[in-house]
Amino acid sequence: MGRKKIGVILSGCGYLDGAEIHESVLTLLALDRAGVDAVCMAPDRKQADVVDHRTNAATTETRNVLTESARIARGKIQNIKDVDLDALDAVVMPGGFGAAKNLCTFAVDGPDCTVDEDVANALRTVHDAGKPIAALCIAPAVVAALFGEQLKPSITIGTDKGTAEALEKMGAQHRNADVTEVVVDEKNRLVTTACYMSATTISQIAEGADNAVRELLKLVGRSAAAPA
């Protein structure tokens, strides 16, 4: 039997307007150390905005989500709509504001947000096939936006009250969790952890990513029909 394949959905490069680099790299490291192959992907679309990470100020630049995500993936990345989802065993989304700006519009629209069409199609396909999904940091907002009303999923973004309330308005059930703690929704086959929503050190990100990947692979090892 070949190595498991886990899709990694990236949202650009840089925590203020794309994927959080520490979370992305440490997730990739955790997957590699677990003996599985990462399949990096991103939507091929214009970023919502571009932020100067030295000053935190918006710029007038235009960047592409897939092109920027390729920086993290060292060029080994696919347009999300072209990925063979049947070949994947699970999917994980690192955080960063790109998850809330480019994968969905939560950063601007809050509970009224929408999910990028290609991202939504991929996540629905993975979920409908009974395959688990993990989301780090603010990425659970994508899960809430897409599945909240349908599944009432149990998720966490840590302990931020305002964000938790927004996720609950979308139908999710928020659970407060410590910085490296993982919330596992066995029924809906979802794994979430807070990462930089709560973390202050890169070592905490490493631990949280390891824990999330470990729980995700446990779900991969159990069929969707198996009892929890």
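This report covers the overall build of the chain and then its salt bridges.

**Overall build**

The model is predicted. The chain holds 8 helices and 11 strands. Its C-alpha trace spans about 50 × 40 × 35 Å along the principal axes. For 228 residues, a compact globule would have a radius of gyration near 17 Å; the chain has 16 Å, so the two agree.

Buried residues make up 54% of the 228 residues. Among contacts with a separation of 6 or more, 69% come from residues 24 or more positions apart. The exposed area of the chain is about 10,200 Å². Carbon and sulfur atoms supply 46% of that area.

**Charges and salt bridges**

The chain carries 24 positive and 31 negative charges. Their mean positions lie 3 Å apart. The count of salt bridges comes to 11. Three of them are listed here, with N to O distances.

| Acidic residue | Basic residue | N to O distance |
|---|---|---|
| Asp-37 | Lys-5 | 3.9 Å |
| Asp-49 | Lys-101 | 3.0 Å |
| Asp-52 | Arg-54 | 3.7 Å |

Take the pair Asp-37 and Lys-5, joined at 3.9 Å. Asp-37 sits in strand 2 (residues 37–42) and Lys-5 in strand 1 (residues 5–9), so this salt bridge ties together parts that are 32 residues apart in sequence. Asp-37 is partly exposed, at 26% relative accessibility. Lys-5 is also partly exposed, at 33%.

Next come Asp-49 and Lys-101, whose side chains meet at 3.0 Å. What does this pair tie together? Asp-49 lies in the loop between strand 2 and strand 3 (51–52), while Lys-101 belongs to helix 3 (residues 97–103), so the link connects parts that are 52 residues apart in sequence. Is Lys-101 buried or exposed? Its relative accessibility is 17%, under the 20% cut-off, so Lys-101 counts as buried. Asp-49 has a relative accessible area of 25% and is partly exposed.

The third pair is Asp-52 with Arg-54, at 3.7 Å from N to O. Asp-52 is partly exposed, with a relative accessible area of 22%. Arg-54 reaches 78% relative accessibility; that is over 50%, so Arg-54 counts as exposed.

Some salt bridges share partners. Through such sharing, Glu-61, Arg-63, Glu-68 and Arg-71 join into one network.

Methods:
Residues numbered from 1 in each chain as written. Predicted model: local features only at pLDDT ≥ 70, side-chain atom pairs only at ≥ 80, totals over all residues. Heavy atoms only, no water. Salt bridge = Lys/Arg side-chain N within 4 Å of Asp/Glu carboxyl O. Helix = DSSP H or I, 4+ residues; strand = E, 2+ residues; numbered from the N terminus. Buried < 20%, exposed > 50% of the residue type's maximum accessible area, 1.4 Å probe, protein only. Rg over C-alpha atoms; globule rule 2.2 N^0.38 Å. Contact = heavy atoms within 4.5 Å. Areas by Shrake-Rupley, 256 points an atom, 1.4 Å probe, with all protein chains shown as cover. Lys, Arg positive; Asp, Glu negative; His and termini not counted. Charge placed at Lys NZ, Arg CZ, Asp CG, Glu CD.
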